[in-house]
Protein chains: 2
Amino acid sequence: MQILVLGGDGYLGWPTALHLSALGHEVAVNDNFARRGYDEEMGVESLIPIATLEQRLEAWTELTGRKIRSYVGDLVDPAFVHQMVRDFQPDTVVHFGEQRAAPYSMIDQAHAVYTQTNNVVGNLNVMYAIGDIDRDIHLVKLGTMGEYGQPNIDIEEGWLEVEHKGRKDRMVYPKRPGSFYHCSKVHDSVNLEFGCRIWGMRVTDLNQGVVYGAETEQTKLDPRLATRFDYDGVFGTVLNRFIIQAVLGHPLTVYGNGSQTRGLINIVDTVECIRIASENPADRGEFRVFNQMTESKSINEIAETVANEFPGEATIEHVDNPRVEIYDHYYNVVHTALESLGLKPTLLSTTLIDHLFDVVVRHKERVDLTAVMPTVRWADTASELPRTARELAKT
Amino acid sequence: MQILVLGGDGYLGWPTALHLSALGHEVAVNDNFARRGYDEEMGVESLIPIATLEQRLEAWTELTGRKIRSYVGDLVDPAFVHQMVRDFQPDTVVHFGEQRAAPYSMIDQAHAVYTQTNNVVGNLNVMYAIGDIDRDIHLVKLGTMGEYGQPNIDIEEGWLEVEHKGRKDRMVYPKRPGSFYHCSKVHDSVNLEFGCRIWGMRVTDLNQGVVYGAETEQTKLDPRLATRFDYDGVFGTVLNRFIIQAVLGHPLTVYGNGSQTRGLINIVDTVECIRIASENPADRGEFRVFNQMTESKSINEIAETVANEFPGEATIEHVDNPRVEIYDHYYNVVHTALESLGLKPTLLSTTLIDHLFDVVVRHKERVDLTAVMPTVRWADTASELPRTARELAKT
C-alpha cells in the first residue's frame, strides 16, 4: 500500500513510518517540525537524542535498503496539502500531524487558539484534498481517549446505541473533553463524521490512550532511528515522568488524589494498531472509531507499579492537580475492535518498566528535573509559561 | 443590565440591541461589518434597504433619547475583545457575531476554513476575555437547531439522560451537524461546556431554529432602524425565499422531496428569547442549553402554507437538493425551557405571511431573481460561486 504519514517526524509518527516501511508498504512522511520547535520554545529536550529527519531517512535506507519519501510543509497550507496528496497518491493517510499536548493548549489564549486552528484547519485541508482528489483514500486519524472525559457509563467505540422515550438511534458517543487540545480532537471528529456523510469519505478515528515506552523493533536498530522521549511537564506523559523521577531519586508526583484513571497503550502496540487500521480500511462513507488502548490504570496504580519495581527507594508525593478533573469515577472502556482485527496487546509489565529504567539511566545526564513539574494550570486563563532550565538556574 | 451584543449590526443582532435598549438595559453593539462584506462578495443585497450602523444608532437616539454604544472591531483579535469587555463591563454578552450561513461555509475549502476559524477563534477570544476579566459575566451564545441533525429520538435541550448497560449519566446531547457552519457551532458548544467546567463560566447556548420575519416593534419605527431581509441562495432562509418567489410569480422551489423538517421561530420571538435568557442568567459553572424555536414544519408544509395564502397563483416545484440530508425522518423537539421562563410564542399565521407579502411587494423592484436559486452543493468540494446579478445578465 501507499501510506502517507502526517506528522511522521514525531514521537509516534516516526516509529509508525518505520513499522509500515519494514512491512513492505510504500511510505512517505510529512512534517513541518513544529514539535521540534515547541522544544525550543519551552527550553526542553527529548531525553533520548534524536537525529534530523534527513539523517533518519538516510539511516533507514542504509540499514534496510528501503526508501521513505518526505514532504516538508505545513498542513494549514491548503495548496501544499493538495499538491502532496496529488503527488504521492496514497491509499491511506495516517494523520498524526497535530499539536498533541493538553498542557500546551492550556498555557494561555494564544496557545489555545493555535492548537485549535492548527489542528482543525490542518485536518480540514486533508479532508478537502481527499474530497478533491480521491474519495477512496482511507484517512486514519489520531484522536484521544481524553475526548470522552469521565462518563458514568461504559465508553463505547465512538458510537452509542441510545434508547430514549421508547425510541432508538445509533448516535455519536457524547464527548466531554478535558482541555482545549482535547476539544480540538472532538472538533476534528465532528468534521470527519460530516465528511463521511457528504463526501462518502472512509475514516478511521483512533481514540488513543496515554502512550508509554521508548522504542520499537525498528527504532532500536540504530541510534539515528531513535524516537523522542518526553518527560517535561508540558509534553511528557505520566509513566515516563514517574520512571525519571524514580531514577533521579525524586518523589513520584501524583496530581491530586491519584484515583483518576487513564487508558494506556504501549508504543509497540500503537504502531501495530496503525498497521491494522490501514490494512483493513473503513468502508466508503463509514466513520469508524476504535479505542486504541489496551488497559486502564489509575494514576496511583501507575505510581505504585513504578515505585515497587524500582530497585532503589521511591516515594510517592501528591501535588496540587493542575487539571480540572473528577476523582473516584467510573471508567470502563470498550476496546475490542482492534483486538478483533488481530492486535495482540503488550500490557504494562515489570520487564517493560525495567527496560525504561535502563533507558533513563543511559541518558540520565540529559535530564532537567526543573522541567518535570507542572506549570500550566487549567483554572487560569494565562498560566505561568514553563521557564527554560537556564532561566531557572539563575533564580 | 449592561448588555453587549456581538454582531449587533446583523439581521438579529440589531433588532435584539434595540429591544433590550427599549426595555431600559444599557446596551452596546459590536460588529466588524463582515455580513455587509459578504453581500459585496456575493453581489447580492438585503431586500429591505438598511442604514449604516452610525445612522442606525443616531436614529435610535433621535427617536427615543436612548443611547447604544458601539465597538467596531473583529472578534478574532484577542486584544480588541479584551479591551472591549474591560471597557464596557457587561453583565451579559450576547454573541451573534459569527458567520451564520450553511451554504456560505460549503462554497469551498477557503469558506469552510474561514467559517470555522472565524467562529471558533472569535468565541474562544470571548471566553478568554470573560475568563480573564470577570467570570460572572453571563454569555448568551447563539447556536442552531441544525447542530442536532435529524436524530430518531426526541431532541432534548442540550443534555440527554442516558441509561446504558444498567448505568446512568447526564451527557451532552449527541450532535450530527449538517454543514461546516453547523459543525463550527458544535465546536463552540464543546469549548463552552469545557469553559463552564474549568472557569465556572455562566453560559446559555441557544440552539435557534430557522428565523423568519422582517421586523420587530422597534425596527418598524423608522426606515433607518430597519433590519436586513435576505432572500438569496446563500444567506436567505426558506420562508423568506418562498414569499419572494410567490410575489414574483416564480415557482416555490422545494429542495428534494420536501419532507425534511425544520424548527422555526419568528424574529419577534428571537429578540424576546434573548431578553429572557439575559434577565435569567445561568448559574456559575452552568452550561445551559435552550432550544430556541416555537414550532416544527416540513419544507412542504411551509411551501403549501405560503402558496395557499398567496392571493394570486403560486406553484411548487421540487428541485435537486443541494444539501445532503435525510427525508421522511422523525423530528420532535423539546422546547419548553424558554416558554417556562415566560416566552409567549408567535406562531406562523396567515397574518404574518400576509405582512411578509406586503414587505416584499413594497421592495419588489429590488429583487434579483437570479440570486434565489442554490449554487452551493454539499457533495462538491468546490461549489460554483454564486455569480453576481450583473455577471449573470451577461450570459
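**Sheet in chain A**

I started with a small open sheet in chain A of this predicted model: three strands, ordered β9-β11-β13, with mixed pairing. I then looked at the edges. β9 (210-212) and β13 (295-298) of chain A each have a single partner strand, so one side of each has no neighbour in the sheet. From one strand to the next I get a twist that averages 45°.

Next I checked how β9(A) goes with β11 (residues 261-266) of chain A: the two pair in the parallel sense, over three bridges. For a register marker I noted A:V210, which sits opposite A:L264 in β11(A).

What lies across these strands? I found helix α9 (residues 267-279) of chain A over β9 and β11 of chain A, at about 75° to β11(A).

**Cores**

I went on to the largest nonpolar core, which has 128 residues. The members touching the most others are A:L4, A:F180 and A:M201, along with B:L4, B:F180 and B:M201. I picked A:L4 and skipped its neighbours within four places in sequence; its contacts are A:A28, A:Y71, A:M84, A:V85, A:F88, A:P90, A:T92, A:V93 and A:V94. There is also a second, separate core of 34 residues, and I jotted down B:Y231, B:L252, B:I299 and B:I302 as being among them.

**The two chains**

Last, I looked up how the copies are related. Chain B superposes on chain A by a rotation of 180° with 0.0 Å of shift along the axis, RMSD 0.0 Å. The two copies are thus related as by a two-fold rotation axis. I also compared the interface residues: 100% of those in chain B are interface residues in chain A too, so the copies meet through the same surface.

Note on methods: Residues are numbered from 1 along each chain as its sequence is written. Chains are lettered from A and ligands numbered from 1 in the order in which they are written. This is a predicted model: local features need pLDDT of at least 70, side-chain atom pairs count only at pLDDT 80 or more; totals for chains, interfaces and linings use all residues. Side-chain values use heavy atoms; hydrogens and water are left out. Copies are superposed by least squares on the C-alpha atoms of residues with pLDDT of at least 70 in both. Contact means heavy atoms within 4.5 Å. Two strands pair if DSSP finds at least two bridges between them. Helices (H or I, at least four residues) and strands (E, at least two) are DSSP runs, numbered from the N terminus. Axes are lines fitted to C-alpha atoms, for helices over the stretch in contact, and angles run from 0 to 180 degrees between N-to-C directions. A nonpolar core is a set of buried Ala, Val, Leu, Ile, Met, Phe, Trp, Tyr and Cys residues joined through side-chain atoms within 4.5 Å. Buried means under 20% relative accessible area, exposed over 50%, partly exposed in between (1.4 Å probe, protein chains only).
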